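Here are a few exercises to work through with the viewer open. Try each task before you read its solution.

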Amino acid sequence: MVADLNRADGTRIAVRHRVGTGPTIVFLPGYASDMAGTKAAALDAWAERRGQGFVRFDYGGCGASEGSFTDQTLTDWLNDALLVIDSVSGPLMLVGSSMGGWVMLLTALARPQRAVALVGLAAAPDFTDWGFSEGQKLALLQDGQIIEYSEYGPPMITTRAFWQSGEAHRLLQRNIAIDVPIRLIHGQRDADVPWHHSPHLAGQLRSDDVQVVLVKDGDHRLSRSQDIVLLIATIEALLEPA
C-alpha cells in the first residue's frame, strides 16, 4: 500500500508499506538509488509471498520523492529514514545497501529500541572520508561539488553540503554501540566499496553476534539472482526463533 509521508517542510517522501507479520523489514537504498531497484523489488515480492511486513521508500530528491537531489544531505536522508520508521509500529529489521548501510547504522543508533537485526549489503559507513581523494575533497571545498561518471547510470554529483554532513556522521573511529544481530554481505569484486571495509566495520560494532559473508565473484550491486537468494536466506535465518 502507498503510505507517503511529508517532511516538516512539506516535501513528500514516497513510501510503500506492505503490512504483514513482524518484524517489519525496512529497505534503505544506496546513494542516488531508489526503491524500484532489483533488491528492493525482490524483497517486496518475497514479503508478499511470506506475508511479511515490508517497507521501502525513496530519500528526498530520489526516485518518486519530491525535492532536488543536489539539495540533500546525509542528515536529510537519515531524517527521512527516521520519519519512515517512526510511522511503522513494532520491531524492525533494517536492510541497508551501500550508503544505505551507513543510514542503517545511524538509524539503529538513533532508535536503539526499534531495530532487532541489521543486514548490510556492501555497507559504506564513512565513505565521505575514505571514498574521496584529497584532491576531490579540496575540489568539494573550493568548487562546491564534484561530478563522477558511474557505470550504474547518470553522472554522480556530490555536493560540499552532503560531504560535510557525512563527515559529521562518521562512525568508524570509535566503538559503534549496537547490540543486535548483524549480518554484513560483501562482494570481493566490489570496485566501489572495497570488501575489506566489512570486516573492519564488524570489528567496530559492539554486538558479538556479527557475521561477515564474502561473495568472491560478487560486485558492488549484489543484484544477481544468486545474490538475491543469499540475501533472502540471510534475512530468513535472522527471522527464525532462537
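**Exercise 1: the cavity**

Search the whole structure for cavities of 30 Å³ or more, then describe the lining of the largest cavity.

Solution. Keep in mind that this is a predicted model.
- Start with the count: the search of the whole structure turns up one cavity of 30 Å³ or more.
- Next, get its volume: the largest cavity comes out at about 40 Å³.
- Now list the lining: Tyr31, Phe69, Thr70, Gln72, Trp77, Ile157, Thr159 and Phe162.
- Finally, sort these lining residues by type: five are nonpolar, three are polar and none is charged.

**Exercise 2: the rings**

Find out how many aromatic pairs the structure holds, and which residues the ring pairs link into a cluster.

Solution. Ring centres have to lie within 6.5 Å to pair.
- With that cut-off, you get eleven aromatic pairs in the structure.
- Follow the links from ring to ring, and a cluster appears: Tyr31, Phe57, Tyr59, Phe69, Trp77, Trp102, Phe127, Phe132 and Phe162.
- Check back against the cavity: Tyr31, Phe69, Trp77 and Phe162 are among the cluster residues, and they also belong to the lining of the largest cavity.

**Exercise 3: the sheet and its helices**

Work out the strand order of the seven-stranded open sheet, then place helices α1 and α2 on it.

Solution.
- Read off the order: β3-β5-β4-β6-β7-β10-β11, with mixed pairing.
- Mark the edges: β3 (15–18) and β11 (210–215) each pair on one side only.
- Add the twist: on average, neighbouring strands of this sheet are turned by 15° against each other, direction ignored.
- Zoom in on one pairing: β6 (residues 92–97) and β7 (residues 115–121) run parallel and are joined by six bridges. Methionine 93, for instance, has alanine 117 in β7 as its bridge partner.
- Place helix α1 (residues 38–50): it packs on the sheet and touches β3, β4 (21–28), β5 (52–57), β6 and β7, with its direction at about 155° to that of β5.
- Then place helix α2 (residues 74–86): this helix packs on the sheet too, touching β3, β4, β5 and β6, and its direction makes about 150° with that of β5.

**Exercise 4: backbone oddities**

Which peptide bond is cis, and where does serine 98 sit?

Solution.
- Look at omega: the bond from glycine 22 to proline 23 is cis, with omega near 0°. Proline 23 lies in strand β4.
- Look at phi: serine 98 has a positive value of about 55°, although it is not a glycine.
- Locate serine 98: you'll find it in the loop between β6 and α3 (99–110).

Terms used
Residues are numbered from 1 along each chain as its sequence is written. This is a predicted model: local features need pLDDT of at least 70, side-chain atom pairs count only at pLDDT 80 or more; totals for chains, interfaces and linings use all residues. Side-chain values use heavy atoms; hydrogens and water are left out. On a 1 Å grid over the protein atoms alone, a cavity is a set of points where a 1.4 Å probe fits but cannot get out, and a pocket is an open set with protein on both sides within 12 Å along at least five of seven lines; lining residues have an atom within 4 Å of a point. Grid points are joined across faces, edges and corners, and a volume is the space filled by probe spheres set on the points. Ala, Val, Leu, Ile, Met, Phe, Trp, Tyr, Cys and Pro count as nonpolar, Asp, Glu, Lys and Arg as charged, and the others, Gly among them, as polar. Rings of Phe, Tyr and Trp (its six-membered ring) pair if their centres lie within 6.5 Å; planes under 30 degrees apart count as stacked, over 60 as edge-to-face and the rest as tilted. Two strands pair if DSSP finds at least two bridges between them. Helices (H or I, at least four residues) and strands (E, at least two) are DSSP runs, numbered from the N terminus. Axes are lines fitted to C-alpha atoms, for helices over the stretch in contact, and angles run from 0 to 180 degrees between N-to-C directions. Contact means heavy atoms within 4.5 Å.
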